[in-house]
Amino acid sequence: MMLKIRKSQQAAQYLQLLQTSLKALGRLMVVLLETETTSGFFQNIVHRSMTSGNTWERKRALQTCSQLLAVCEERGRGDACKHFGSLVGLLVPLTCDPMPTSRQLAVTCLSSLLRIQAKATNRVIQTGDIGSLCEGLNDCSTVCQLQTSSKIARIVCRSFSLEHTIDFMMAIKDTFRKAKGMRVRAAGKWMITFLQMHGKDICRDLDLSPIIYILRSCMSSLQHSTNMPFLCQAVAILTRCHTDITIDSFFHRR
C-alpha cells in the first residue's frame with residue numbers, strides 16, 4: 001500500500017515538474033522570438049530534431065514546436081505560415097509516431113498552424129474538428145492510427161496553398177529517407193491525399209519538374225520497399241492530370 005502511495009506521489013511530482021518546464025519553455029520561446037526570426041528557429045532547432053531517429057528527441061522537438069506555435073498564435077506572428085508546407089510535411093509522420101504523446105503533440109501543432117494561417121490570410125478556413133480525431137490516434141491498433149491520420153490529412157490538405165507544395169514534398173522526401181515503419185506509411189498516405197486533392201491545380205499552375213524530380217530521387221535512393229507503392233501512385237496521379245508533361249519530366253533529365 002505504501003509503495004502505491006509513494007509511486008502516486010512521484011507521478012504527481014513528475015507531472016508538476018513537467019508543467020513547470022513547459023511554462024518555462026513558453027517564456028523562453030517569447031525571448032527567442034524577440035531575438036531571432038521564426039525561420040532561423042525552425043531550421044536550426046525544430047527541423048533537425050523532428051526527423052531524428054530518437055523517439056524522445058522527436059517528442060522534445062514537438063513540445064518545443066507546440067510552444068513556439070502557441071506563442072506565434074498569441075502574438076499574431078503570421079510569418080510562421082511561411083513554413084506551412086515544410087512544417088506540415090514534418091508533422092505528418094509524427095501523427096503515427098510510436099509514442100502516444102508525440103502523436104497528440106503533432107495534432108496540437110497542426111491545429112495551431114491552421115489557426116495561424118486562417119488569421120494571417122484573414123479568412124475562415126473550414127478545417128473540421130481535428131481535436132475530435134485525437135481519440136483514434138490513442139488507439140493501440142496501428143491500422144486505426146493510420147486511418148485517423150488519413151482523416152486529418154483530408155482536413156489539413158484543404159487549407160494548402162500551392163506555393164507550399166515543394167516544401168511539403170521535400171519534407172515528405174526527408175521522411176522517406178530517414179523514417180521507418182508507420183511514420184513512412186503516414187507520410188505516403190498524406191502525399192497521396194494531397195496529390196489527389198490538388199493534382200489538377202498543380203499541373204495547371206506549377207512547374208511539375210521539381211515535383212517529379214523529388215519523386216524520382218526518392219525512387220533512386222529507396223531504402224524501404226513500403227515507399228514504392230506510394231511513389232508509383234503519386235506518379236500515376238500526376239500522369240492522369242497531365243500525361244505529356246509528367247512523362248517528359250520523369251523520363252528526361254533536365
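Modeller: Let's start with a word we will need: contact means heavy atoms within 4.5 Å. This is a predicted model, in which local features need pLDDT of at least 70 and side-chain atom pairs count only at pLDDT 80 or more, while totals for chains, interfaces and linings use all residues. Residues are numbered from 1 along each chain as its sequence is written, and side-chain values use heavy atoms, leaving out hydrogens and water.

Biologist: Happy to begin with F168! What does F168 have in contact with it, apart from its neighbours within four places in sequence?

Modeller: The list is G85, S86, V88, G89, V92, F160, W190, M191 and F194. F168 itself lies in helix α8; helices are DSSP runs (H or I, at least four residues), numbered from the N terminus. There is also a long jump along the chain here: F168 and L87 are 81 residues apart in sequence, with their C-alpha atoms 7.6 Å apart in space.

Biologist: What makes F168 count as buried?

Modeller: Buried means under 20% relative accessible area, exposed means over 50%, and partly exposed is in between (1.4 Å probe, protein chains only). F168 has 0% relative accessibility, so it counts as buried.

Biologist: What makes a group of residues a nonpolar core?

Modeller: The members must be buried Ala, Val, Leu, Ile, Met, Phe, Trp, Tyr or Cys residues, joined through side-chain atoms within 4.5 Å. The largest one here has 61 residues, and V88, I152, F168, W190, M191 and L215 touch the most other members. Helix α9 gives the most to this core, with nine residues. In soluble globular proteins, nonpolar side chains tend to be buried together.

Biologist: Which residues does M191 touch, beyond those up to four places away in sequence?

Modeller: M191 touches F168, M169, I172, F176, L215, F230, L231 and A234. From the other side, A234 touches M191, I192, L195 and L215, again not counting residues up to four places away. A234 sits in helix α11 and is buried, with a relative accessible area of 0%.

Biologist: How do you know that the length of α11 agrees with that of a helix?

Modeller: The expected span is 1.5 Å times one less than the number of residues. For the 15 residues of α11 (residues 227-241) that gives 21 Å, and the end C-alpha atoms are 22 Å apart, which agrees.

Biologist: Which residues of α11 are buried?

Modeller: They are N227, F230, L231, A234, V235, I237 and L238. Seen down the axis of α11, they fall within an arc of 155 degrees, so they line one face of the helix. The arc is that of the directions from the helix axis to the C-beta atoms.

Biologist: Why is R58 with D97 called a salt bridge?

Modeller: A salt bridge needs a side-chain nitrogen of Lys or Arg within 4 Å of a carboxyl oxygen of Asp or Glu. The closest N and O atoms of R58 and D97 are 2.7 Å apart, so the pair meets the rule. The two are 39 residues apart and link distant parts of the chain: R58 is in helix α3 (residues 55-74), and D97 is in the loop between α4 (84-91) and α5 (100-120). R58 counts as buried at 2% relative accessibility, and D97 is buried too, at 0%.

Biologist: How many salt bridges does the rule give?

Modeller: The count comes to five. One of them joins K178 and D174, at 3.7 Å from N to O. These two are four residues apart in helix α8 (residues 165-178), about one helical turn. K178 is partly exposed at 39%, whereas D174 is buried at 13%. D174, R177 and K178 are linked in a network of salt bridges.

Biologist: What makes R204 and D201 a salt bridge?

Modeller: Their N to O distance is 3.0 Å, which is within the 4 Å limit. Both lie in helix α9 (residues 182-205), three residues apart. R204 is exposed, at 57%, and D201 is partly exposed, at 27%.

Biologist: Last one! Why do C65 and C109 not count as a disulfide?

Modeller: A disulfide is a pair of cysteine sulfur atoms within 2.5 Å. The sulfur of C65 is 3.8 Å from the closest cysteine sulfur, in C109, so that is too far for a bond. The structure holds zero disulfides. C65 is buried, at 0%, and C218 also counts as buried, at 6%.
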